[in-house]
Protein chains: 4
Amino acid sequence: MGSPMALNLLRGGSELLVYNRSAEKTRPLVAAGAVAVASPAEIGRRGARVVFSMLGEEASVEAAILGPDGLAEGLAPGSVHVSSTTLGVALSRRLAEEHRRRGQRYVAAPVLGRRDAAAAARLYLLAAGDPVALADCAPYFAQLGQRTFTLGEDPAIANLAKLVCNFMIAATIESLGEALTLAGRSGLPQRQALELLTETLFNVPLVKSYGELIAAERFSPAGFRLPLGLKDIRLALAAGEEARVALPLASLIRDHMLTALARGQEDLDWSSFVKVLQ
Amino acid sequence: MGSPMALNLLRGGSELLVYNRSAEKTRPLVAAGAVAVASPAEIGRRGARVVFSMLGEEASVEAAILGPDGLAEGLAPGSVHVSSTTLGVALSRRLAEEHRRRGQRYVAAPVLGRRDAAAAARLYLLAAGDPVALADCAPYFAQLGQRTFTLGEDPAIANLAKLVCNFMIAATIESLGEALTLAGRSGLPQRQALELLTETLFNVPLVKSYGELIAAERFSPAGFRLPLGLKDIRLALAAGEEARVALPLASLIRDHMLTALARGQEDLDWSSFVKVLQ
Amino acid sequence: MGSPMALNLLRGGSELLVYNRSAEKTRPLVAAGAVAVASPAEIGRRGARVVFSMLGEEASVEAAILGPDGLAEGLAPGSVHVSSTTLGVALSRRLAEEHRRRGQRYVAAPVLGRRDAAAAARLYLLAAGDPVALADCAPYFAQLGQRTFTLGEDPAIANLAKLVCNFMIAATIESLGEALTLAGRSGLPQRQALELLTETLFNVPLVKSYGELIAAERFSPAGFRLPLGLKDIRLALAAGEEARVALPLASLIRDHMLTALARGQEDLDWSSFVKVLQ
Amino acid sequence: MGSPMALNLLRGGSELLVYNRSAEKTRPLVAAGAVAVASPAEIGRRGARVVFSMLGEEASVEAAILGPDGLAEGLAPGSVHVSSTTLGVALSRRLAEEHRRRGQRYVAAPVLGRRDAAAAARLYLLAAGDPVALADCAPYFAQLGQRTFTLGEDPAIANLAKLVCNFMIAATIESLGEALTLAGRSGLPQRQALELLTETLFNVPLVKSYGELIAAERFSPAGFRLPLGLKDIRLALAAGEEARVALPLASLIRDHMLTALARGQEDLDWSSFVKVLQ
C-alpha cells in the first residue's frame, strides 16, 4: 500500500524521502524521484515536516517509530508523523504519548481501500489529531484519496473507526458465507442467490466482489491475506475489551479465521475463512 | 401487507374476491370494489383462477389453506395458489404436495419490501413453480412489484431465497449493532461512525435506515415486529438443519432475539435485538 | 434401550405384552416369557394397566401413541401410559392432553443411563405426573433403576429435566473437546491433560469416559448416535425458545453437530462432534 | 494466595524472606518468623536458593521479576525462581529466556485451589521445568499441596495446563448457568435441577458449589473476582491463537464476562457472568 501512496505524493510535487526495510522496494520510487534513506530516524533528521508511515503489523510500527533509529529519534519538534497503518487503539495512544513527550505532532490517518484504490488516489482517509496538524496534512490527503473524514482530536479514534470499518467488512463476508452456503446446499445456485441480493437490497461493490469471490471460491491471489485480517479482528476485539463491549460476531469470525489458518489457508485472501462453513 | 397488494390487483383491473379472518380488515378493499367472501374455500368455489395468500404465521397458512374451509378444499383443479407468505421450506413442500394431490397448481412468490413498497407496487417478487403457472401469474406480479426473480420450478426454493434475504438483513442489523456499540462506547459518536460506513462501503438504503434506527434507538413503532423476525430466523435455521449447514451467525441472532423477547421487546421492531449488546 | 428395561420388568414378575415395529426385536423378550402383540392399541385392549413406551424419535412416539392403532386408541380409561422416551416439552404436553381427553393417565419418566445401565437396572428415572399414577408405577420404577427422582405433577417437567441433563452432558463434551484440543496442539499430551482434570476437579465417570473417547478419537461403535444427540439439543433449544431463554452454548453445540453430520459422521458417537474443533 | 502458601513454607521449617508491594501484607508473615525485604531483587541478593512468586496480574509479574529491582536482577546463578501465578504461555516463555540468559533456573508451578485449600496445604501443583530444579523444589511443593503433577521440562506447559483447568471451570459455570436458567424459567426449580445433576452424573464439589452459588445468586463476597477470571480466559484464548485452535466456548464466556463487567459486576465472583443469561 505504501508504494502507490508515495508515488501519488511525488506526483503532487513533494520532495520525498523514503525508507523500507527491503531497500529494493524503494527502487521504483527512487526511479520516480524519491530519495532513499537508511533509517526512519534519518527521514526526520533530514528535516521532513510531514512523515507518513504505512506498515503491516503493529510490531513493525513499534520498531520503525519507537525502536532504535526509529522515526521518533530523528523527527524534529513540530514535525508531523501521520500513521496510516491499521493500528490498535492502545498502540495509537502510545505513539501519541511518545511523540508528545518529544514535542512532535502525531496524526492517525488510516485508509479505506485496496492497492488499486491507492494507485488511483481514490482512498478514503479517516483522520484524527490536532486540528492544526490536520490542516497541515490536508493537501497531502487530497493527493492520496477521494475524501477525508475528520474524526476529532484524538488520533486513536481514527484507528478505532478503521477497525469498525474492517469489522463491518468481515461481518459482510461471514454473512455472505453463511447465506451462500445455505443457498447452494439447498438447491439455489450461489450465483443466483448473490444476484438476488446485489440487485435488490445489497447493491454495493463490496457485496458483489466478495460474493463473487465466495461463489467462485477464488481466494488466491489474496487481495488481503488472512493473517492480516485476523490481526484487524483481534484489534477490534481488544478495543471492545477496553470499552467492555462484547462483540460476539467478531469472536465468531476470529474463531473461523483461526480454524482456517489451522487448515493452511495462510496465503489465501481473508475472505477464505468462509471455507470453514462449507 | 396483503391489503396494499390486493389494492394494486384491483387497480390492475382484476375482479377480486377477498377473505380475512377479521372481516373489518377487508372493508377498505370492498369499498374499492372487491367482494368479501366467508372462507378461503369459497374463493376457490367461486371460480378464482389465481389466488394469492399473504399471512403472518405458518400456523395461519396451514389453517387458511389446508384446514376446514381452507382454500385447498374449494380451489378448482388447474387453478393456481400463489403463496406470498414467508414460509419454511418444509411447509412449502407440504403445500406443493397437497395441491398436487388435488390437481391444483401451486406457486411460491414471497416478496421483498415493506408495506410502503407494497403500496407503491415496488416489491421484488421471488417466484418459483411450474413455468406455465408462473406465466399465468406474470401479469399480476407486474401489478405488485418492480421486478420478479424467477427461481426455477421448485416452489420451496423461492421460500428459501426469501429466508436467505431476511437472514442477510438480520446479519446486517447484528453487524451494525456491534459496530455502532463499539464506536459509541469508545468515543466515536454512533452517527459519525454510521456516516463513515454509508458514505464509503455501505452506501445502501438498508444500512442507512437500520443504522439510523439503531443510532437513534427508535424501535417503535415497529416496521416488522420482533416475534416475526424470530420466526424468519428460526425458519432459516431449520432450512440449514435440513441441508446440514451450520449458520452460527443465525444462531447468534436467534439467541439475541430470544433475550430481547425475555426483556419485553415483543412489540418493538425486530432490529431492537441489538439492545442486548448495549 | 427398551429391551433390557422390558426384561427387568419380566424379571420383576410382571405379565408383559410387547410391541415393536420390527417383530424380530421382540423375540428375545417372547423367549423370556413376554407376549408379542400386533399393535400398540392391542396392548391397551388386552387390559394392560401400566404401559411403558421407549422410542427413538418424536415421530415414532406420535405414530405409536397417537396414530392409527396407537396406544391411545386401545388404552382403557384409568390405565397409565409411562413415556420414557426423551421427548420435547411440547409433545409431552400434547400427550398429556390426548390421554386426559380419553380418561387415561399419563406419566413421563425418561431415564438417565445407557444400555448397560438399563440392563443392570441402574438407571435413574426422572418421573412426573399425577401422584397416584406415580405411586402405581413406583414398583416398576424400582425394577428398572437405582433411583427415581420425582419432579412434580406436570409430566412435561420430567422431559425438561432430561433435556437439561443431556444438555449438560453435551456441554461437557464440548468443553473437553476444546480443552483437549488446546492441550494437544500446545504440547501437553491430551491424556496427561485429561488425567490432570479427572484426578483433581472433574473426578467423575462421565468426564473420564468421554475424555477417553476424545483423546483416543474412538467414536465408533457409537454409544449414542450423533443424529439422536442432535435431536436432544434441538429439543433443549426449543424448550429454551418457549421459555424465552437463549442457550448460546447449546446453539454452539448444535452448529458443531450439524457440521459433523455434513462431514458424514452420522453413524459415529455423538461425542464425535468435537472433531470439528480439530 | 501468597500468604497462606508462605505460612506453610515457614511451618515446613524454611527460612523465609518475603516481599510484597504493600508492606503491611507481610506483617503476619513477619510475626510468624519471616524476614521482610525491600525489593524482589534483595531476596535474591540475600542468597535465596528457591524463590516463589505468586501475583495477580501479568503486569505485576513483569514488574516484580523483570523490572527495576526485580528478582532477576538479584537472583544468584543456579538459584530457582518458581512462578506460581497464572500466566500466559508467552510471558512464561519470556521469563524462561530471561532467567536462562542470567544462568538462573526457572520452574513454573501454578496451583489449583482457592485460599482455603492453600491454607490447608491441599493445593494441587502443576509443575514443569528442568528436572533437577523440580527435584530441588519437591520438598517445598510437598509443604504446599496434596499432590504435584509433573508436566515435563517446558515451564510454559505447566502454565498452559493451568489455563486448561480454569477454562474447564469457566465452561462448567457457563453450562450450569444455561442449564439452571432453562430449568428455572420452565418450571423446574433450579435447586431441584441442580440436585438431579449432582446426585447422578455430576457428583463433584465443583458442580455442587458453583451450582449452589448460581441457584442462590450469591456472587458476593467473591471467591475469585470477575476481572481475574476474564484475564484467565483471555490467556487461554491467546494460547489458542498461538496454537491456531479456535475455542468458541471460551469466546462465548469472554463475551459474557465483558457484558457482566459493563453491567458493573467488577467486584462479584467470576461465576456471576451467568447473570447475563438471566
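Four salt bridges cross the interface of chain B and chain A under the rule applied to this predicted model. A:Arg147 and B:Glu195 form a salt bridge. Their closest N and O atoms lie 3.6 Å apart, and the cut-off is 4 Å. Polar contacts add to the picture. Between chain B and chain A, 10 residue pairs are in polar contact, with both residues at pLDDT 80 or more.

Next, consider where chain B meets its partner. Two strands and several helices appear among the elements that give two or more residues to the side of chain B that touches chain A. The strands are strand 7 (123-129) and strand 8 (145-150) of chain B. The helices are helix 9 (155-186), helix 10 (190-198), helix 12 (226-243) and helix 13 (248-262) of chain B. Helix 9 of chain B gives the largest share, 20 residues. By residue class, this side of chain B holds 36 nonpolar, 11 polar and seven charged residues.

Now the extent of the contact. In chain B, 54 residues are in contact with 54 residues of chain A. The two chains bury about 4,600 Å² between them. Carbon and sulfur atoms account for 78% of that buried area.

Last, the symmetry. Chain B superposes on chain A after a rotation of 180 degrees, with 0.0 Å of shift along the axis and an RMSD of 0.0 Å. This is therefore the relation of a two-fold axis. Both copies use the same surface. Of the contact residues of chain B, 100% recur in chain A.

Note on methods:
Residues numbered from 1 in each chain as written. Chains lettered and ligands numbered in written order. Predicted model: local features only at pLDDT ≥ 70, side-chain atom pairs only at ≥ 80, totals over all residues. Heavy atoms only, no water. Contact = heavy atoms within 4.5 Å. Buried area = accessible area lost by both parts, 1.4 Å probe. Salt bridge = Lys/Arg side-chain N within 4 Å of Asp/Glu carboxyl O. Polar contact = N/O pair within 3.5 Å; in protein donor to acceptor, adjacent residues only side chain to side chain. Helix = DSSP H or I, 4+ residues; strand = E, 2+ residues; numbered from the N terminus. Nonpolar A, V, L, I, M, F, W, Y, C, P; charged D, E, K, R; others polar. Least-squares fit on C-alpha atoms with pLDDT ≥ 70 in both.
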